[in-house]
Structure formats: structure tokens, C-alpha cells
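Below are some comments on the model you sent round. They are set out as numbered points, to be read with the structure open.

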Amino acid sequence: KPLLVYGGKGVDEVVRGFQDAYAADSRYRIAHHGTELLPPDGARMQAVPVTLLGGDGVVPILDEGDLRIVAFRVQHPPVSPAYGYRIDYKGRSVIFSGDTMPTAAMSEVGKGVDVMVHEAVSSPLMHKVADQLERTGDPRRAQLLRDAIDYHTPPVAAAEIANAADARLLVYSHVIPPLPNRIAERVFLRGVDAVRPAGTVVGYDGLRVSLPVGSAEIRI
């Protein structure tokens with residue numbers, strides 16, 4: 001079946017662009033393997049625009065038995081609308097911030113979640129990288145990095161939001177700049193321990209967090 005792709009205004013454009021970009025690839029693979037193995041509809045995507053009535057609040061986008069997913073507005077100007085998502089399944093729960101500045105919606109919608117996955121950008125590290133770029137003759141990229149800081153969330157602010165939600169585990173995602181070693185990670189997390197001394201993980205490629213049903217366990 002076509003893959004349903006939920007999103008805010010503009011999701012139609014994104015889906016159409018991906019389908020156009022991969023149309024030839026899909027045709028070739030279907031021709032090679034056959035329609036029984038690769039049904040043509042399976043290569044398609046279907047945009048499902050999600051609108052928050054009144055521009056605020058929470059809207060369910062999937063409610064099937066034990067599975068419930070809701071969307072809510074976060075702040076990432078000039079991107080508008082920008083959404084976060086909460087997923088609940090058989091008593092376990094995860095909330096995803098997406099890209100956002102600090103917003104109360106994360107702690108309000110995320111009350112009592114097992115896991116909060118929150119983006120984070122380190123202003124001190126970004127400024128250091130920008131200063132180095134400037135010194136090596138790349139002021140344009142330096143300015144792009146400085147501009148990016150103000151529409152993201154500092155690690156300490158994300159920790160405060162997780163605390164306000166009483167989230168059991170905070171996982172930092174969208175970690176910027178990349179952290180090449182433990183020293184950089186310590187700088188990235190500077191001040192977090194004072195706010196949230198436990199229940200924090202810096203996300204990395206391949207990280208797997210499991211929430212077994214019928215348990216309070218969080219497996220990392």
C-alpha cells in the first residue's frame with residue numbers, strides 16, 4: 001500500500017518531490033523483480049496534511065486500538081507550522097520535539113512520558129566553530145552557524161523541559177555541532193548535571209531505546 005506521510009502545510013510538496021525524484025528508480029526495480037514481489041502501489045507515498053485547529057493545541061493523527069499518535073505545535077520560525085509528536089502504546093510513551101526553540105508545549109504534552117527525544121544545539125560550541133571558520137576565511141558559513149543558534153534549544157533548556165514533563169529519560173537528538181570526542185560531549189552537556197543529574201543520554205547513530213510492554217523498564 002502507499003506509505004502515508006503525515007505533516008503540516010507543505011507535506012504535499014515534499015511527498016511529490018520525493019516521488020518525482022525516485023519515480024524512475026521504482027519503475028526499474030518493479031520491472032526487474034516483477035509486480036508480484038514489488039506491487040507498484042508500494043512504491044507510492046500519500047501525503048496526509050495535519051492541521052491544528054486554531055493554530056494551537058493537540059490533534060490526534062492516528063488512533064488504532066492501543067496505539068495513539070498526536071501532533072502538537074512547536075516553535076521553529078520561519079518554519080511554520082512545525083510539529084512535535086507524542087506516541088503512546090500499551091502504557092509506554094515517547095515524545096519527539098522535532099526542530100524547535102524551547103517551548104512549553106513539550107512539557108505540557110509530554111507529561112509523564114517514558115522517553116523525551118529533544119533536539120539540542122550548543123551555543124558555546126557553535127560560536128567556537130563559527131569563530132574558527134571566520135579565522136580560516138569562511139565568514140559566510142560562520143554566519144550561517146551563528147544564525148542557526150537562535151531557533152534551536154540549548155541542552156540545559158531541554159533538560160529543564162524534560163524535568164517539567166517528569167520525563168523518565170531525556171535523549172538528545174539533532175546534536176549540533178557533531179561531538180567528535182568525550183571532551184566535546186562534556187562541553188555540550190555543561191550545566192545539564194546541575195539541572196538534571198540523571199536520566200540523560202546524548203543520542204548517537206545506532207542508539208536503540210526499548211520500552212517493553214507490561215514493564216516500567218527502559219532498555220538502552
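**Notes on pockets, a surface patch and salt bridges**

1. Strand S8 (169–176) and helix H6 (182–188) are the elements to display when looking at the largest pocket, since each of them supplies at least two residues of its lining. Please keep in mind throughout that this is a predicted model.

2. The largest pocket holds about 250 Å³ of space. Its lining is made up of 13 residues, and those closest to the centre are Val175, Val202, Gly203, Tyr204 and Asp205. S8 gives the largest share of this lining, with 4 residues. By character, the lining of the largest pocket splits into 6 nonpolar, 4 polar and 3 charged residues.

3. The second largest pocket has a volume of about 210 Å³. Which element supplies the largest share of its lining? That is H1, with 6 residues. The residues that line this pocket include Leu3, Phe18, Gln19, Tyr22, Ala23, Ser26 and Ile30, and Pro40, Gly42, Ala43, Arg44 and Met45 also belong to the lining. The division here is 8 nonpolar, 3 polar and 1 charged.

4. Phe18 and Tyr22 deserve a second look, as both line the second largest pocket and both also belong to a nonpolar surface patch, together with Val14. The accessible area of the three patch residues together is about 320 Å². Tyr22 is located in helix H1 (residues 11–33). Is Tyr22 buried, partly exposed or exposed? With a relative accessible area of 48%, Tyr22 counts as partly exposed, because this value falls between the 20% and 50% cut-offs.

5. On electrostatics, the structure holds 11 salt bridges. Side chains of opposite charge can pair when their charged atoms come close. One of these bridges joins Arg86 to Asp88, with the closest N and O atoms 2.8 Å apart. The partners fall into separate accessibility classes: Arg86 is buried at 13% relative accessibility, whereas Asp88 is partly exposed at 25%.

6. Another bridge pairs Arg168 with Asp114, where the closest N and O atoms are 3.0 Å apart. This pair links distant parts of the chain, with the two positions 54 residues apart in numbering. Arg168 sits in the loop between helix H5 (155–165) and S8, while Asp114 sits in the loop between helix H2 (104–109) and strand S7 (115–121). Why does Asp114 count as buried? Its relative accessible area is 7%, so Asp114 is under the 20% cut-off. Arg168, at 40% relative accessibility, is partly exposed.

7. Glu217 and Arg219 form a further salt bridge, the closest N and O atoms being 3.2 Å apart. Here Glu217 is partly exposed at 37% relative accessibility, and Arg219 is partly exposed with a relative accessible area of 45%. Elsewhere, salt bridges with shared partners connect Arg92, Asp114 and Arg168 into one network. The bridge of point 6 should therefore be inspected along with Arg92, because salt bridges that share partners put these residues in one network.

Definitions and conventions: Residues numbered from 1 in each chain as written. Predicted model: local features only at pLDDT ≥ 70, side-chain atom pairs only at ≥ 80, totals over all residues. Heavy atoms only, no water. Patch = residues over 30% accessible without salt bridge, like charges linked within 9 Å, V, L, I, M, F, W, Y side chains within 5 Å. Areas by Shrake-Rupley, 256 points an atom, 1.4 Å probe, with all protein chains shown as cover. Salt bridge = Lys/Arg side-chain N within 4 Å of Asp/Glu carboxyl O. Buried < 20%, exposed > 50% of the residue type's maximum accessible area, 1.4 Å probe, protein only. 1 Å grid on protein atoms, 1.4 Å probe; cavity = no way out; pocket = protein on both sides within 12 Å on 5 of 7 lines; lining within 4 Å. Points joined across faces, edges and corners; volume = space filled by probe spheres on them. Nonpolar A, V, L, I, M, F, W, Y, C, P; charged D, E, K, R; others polar.
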